[in-house]
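The exercises below ask you to find features in the structure and then to follow a worked solution. Please keep the sequence and the model open side by side as you read.

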Amino acid sequence: MQAESDLVSRSILSVSSSQTGKILARALLGFSIATATVAVTVIDASAAGPKYAGIVIDANTGNVLYSENADTLHYPASLTKMMTVYLTFEALEAGRIALDTPVVFSKNAAAQAPTKLGIGAGRSVTVREAILGIVTKSANDAAMALGEMLGGSEEGFARMMNDKARALGMTRTTYRNPNGLPNTAQMTTARDQARLGIALREHFPEYYGFFSETSFRLGNRTILGHNRLVGSVRGVDGIKTGYTRAAGYNLATSVKVDGRSIVGVVLGGASTPARDNQMRKLIADYLPKASTKHIDSNVIAQVPAATPNVQAASARMADISRAKIKNDGTTEVADSNPSSAAAFAAVTRQSSSSNPLLSAKPESVKRPAYDETASAGSSDNADEDEIDTVTTASTSKSDTKLAKLQRTEKTEKVAKAAKAERGPTGWVVQIGVSSSKDGATDLLDTAKTKGGKALHSAKPYAVAFDGGYRARFGGFEDQSEAVNACKALKRAGVKCWASME
């Protein structure tokens, strides 16, 4: 660009002796400025995909230093795990679990698509290892196992996530699972994720250091991290990367340098290098503009700890007493039908100490039945977006083959065990879950009555899963028909979401 400017200057000098030369000089100068503007625009555009959004917040004051599409709905992808870790830190701080509490992987957790730690059903890692697996490898199975442990089930933990999001002021975020694997109803905004990033740092300074880790040992393996900015950009201490095909390349980043503190979020990046370069540029541009003085602001709220599903999570604590330590450092539970809820230590903080890592013997209580409608906070706009295939940031060909093999094996097993209960494939509308098939049928009957014409040709059915039955309607010709049916149900007061079965 400098050489081009010099050439323009020489051209201007050579023709400035005449009126014609002056006109030409002005034209050339205008061309030079226009060229420079276009070049800058191209550089900025290369960092963003068609759904780009970004924000930078001064964490000391709450002031927004930069904002672009900050309130536009996007898929969070693995940024979802920030909330999973937030709720885990909360349980640690309250003394309900400890860093060495075992996290047992259910069949559902073990079957999650890559990226994953690859822990088999019935085996476990510690809470510390699960957190590290999330912040470094973005392990989907570890996030699911933690979610099931704290919430009693995937659905129960999603309710905890949504409740906490509202308490933190994340007004446009809806969670459906603990790991961010594709779900058309799971949406967020750049502003909400920045708010969550600041909350993680402010509320849990004693645990936030986990996000600075770039690798850890799990048994005989060394697990390496994804976040390329940690360790390469001064002051970056986390937070989380994320990618799915529909979401694009996402990144939430925390920076602290010389008293200045910012949190930046980039959603919908076009590629990993483009996303990272955009974040580097935002840090360079806006960190110097941040305040060095911390003042109270309403950017986040100090909220009470969420109450975990103690009964559901501790019902199988007897499994832990039968756990056997394996050679690779993980734990195997001697049970034919393990549950990740088995690991939840339903302990209370001892009055003699404030140390959240103190352990106590958990009480085993009976797991209750539950009949719930779909999680609150679903978005009509979310239902209108494309369905995504399960493709994450570190999905390799071998991972894809393994995932396909696992899904095939699981599908065949389910088909043999419950062939008569298989529902229709294609687009479906789920309205809730129940601990019993009769309960799911009751939910379907109520919904069909309220749904009217929208469900006239739909087929109600209950599909079994590890923990109960999902109440669904199938038989829709396409996505549009399923989404319209769900909208009609919502207008009638029935929570639901449409998805591809």
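**Exercise 1. Find the residue with a positive phi in the hairpin of strand 5 and strand 6, and describe how the two strands are joined.**

Solution. Begin with the hairpin of strand 5 and strand 6, which has 2 residues between its strands, and there Gly219 takes a positive phi near 65°. Helices (H or I, at least four residues) and strands (E, at least two) are here DSSP runs, numbered from the N terminus. Next, look along the strands themselves: strand 5 (residues 215–218) and strand 6 run antiparallel and are joined by 4 bridges, where two strands count as paired if DSSP finds at least two bridges between them. As one example of such a bridge, Arg217 has Thr222 in strand 6 as its partner.

This is a predicted model, in which local features need pLDDT of at least 70 and side-chain atom pairs count only at pLDDT 80 or more, while totals for chains, interfaces and linings use all residues. Residues are numbered from 1 along each chain as its sequence is written, and side-chain values use heavy atoms, with hydrogens and water left out.

**Exercise 2. Work out the strand order of the open sheet of 5 strands, and say which strands stand at its edges.**

Solution. Reading across the open sheet gives the order 2-1-9-8-7, with antiparallel pairing. Strand 2 and strand 7 are the edges, each with a single partner strand, so one side of each has no neighbour in the sheet. Within this sheet, neighbouring strands are turned by 5° against each other on average, direction ignored (axes are lines fitted to C-alpha atoms, for helices over the stretch in contact, and angles run from 0 to 180 degrees between N-to-C directions). Inside the sheet, strand 8 and strand 9 run antiparallel and are joined by 8 bridges, and Lys256 stands opposite Ser261 in strand 9. Finally, helix 9 (residues 272–286) lies across strand 1 (53–58), strand 2, strand 7, strand 8 and strand 9, and it runs at about 30° to strand 8.

**Exercise 3. Decide whether helix 8 is largely enclosed or not, and name elements that cover its buried residues.**

Solution. First check the length of helix 8: its 14 residues should span 20 Å at 1.5 Å a residue, and the end C-alpha atoms are indeed 20 Å apart (the expected span is 1.5 Å times one less than the number of residues). Then consider burial, where buried means under 20% relative accessible area, exposed over 50%, and partly exposed in between (1.4 Å probe, protein chains only). Of the 14 residues of helix 8, 12 are buried, so the rest of the structure largely encloses this helix; among them are Asp192, Leu196, Ile198 and His203. The elements covering the buried residues include strand 1, helix 3, strand 7, strand 8 and strand 9, with contact meaning heavy atoms within 4.5 Å.

**Exercise 4. State how many salt bridges there are, and set out which parts of the chain Arg191 and Asp71 link.**

Solution. Apply the rule that a salt bridge is a side-chain nitrogen of Lys or Arg within 4 Å of a carboxyl oxygen of Asp or Glu; the count is then 6 salt bridges. One of them joins Arg191 and Asp71, whose closest N and O atoms are 2.7 Å apart. This pair links distant parts of the chain, with Arg191 in helix 8 (residues 190–203) and Asp71 in the loop between strand 2 (64–68) and helix 3 (80–93), 120 residues apart. Arg191 is partly exposed at a relative accessible area of 23%, and Asp71 is partly exposed at 36%. Another salt bridge is formed by the side chains of Glu90 and Lys164, at 2.8 Å from N to O. Here Glu90 in helix 3 is linked with Lys164 in helix 7 (residues 154–167), 74 residues away, and both residues are buried.

**Exercise 5. Is Asp258 buried or exposed, and which residue does its side chain meet in a salt bridge?**

Solution. Asp258 lies in the loop between strand 8 and strand 9, and at 59% relative accessibility it counts as exposed. Its side chain meets that of Arg234 in a salt bridge of 3.3 Å, N to O. As for the backbone, Asp258 has a positive phi of about 50° although it is not a glycine. In general, most residues other than glycine have a negative phi.
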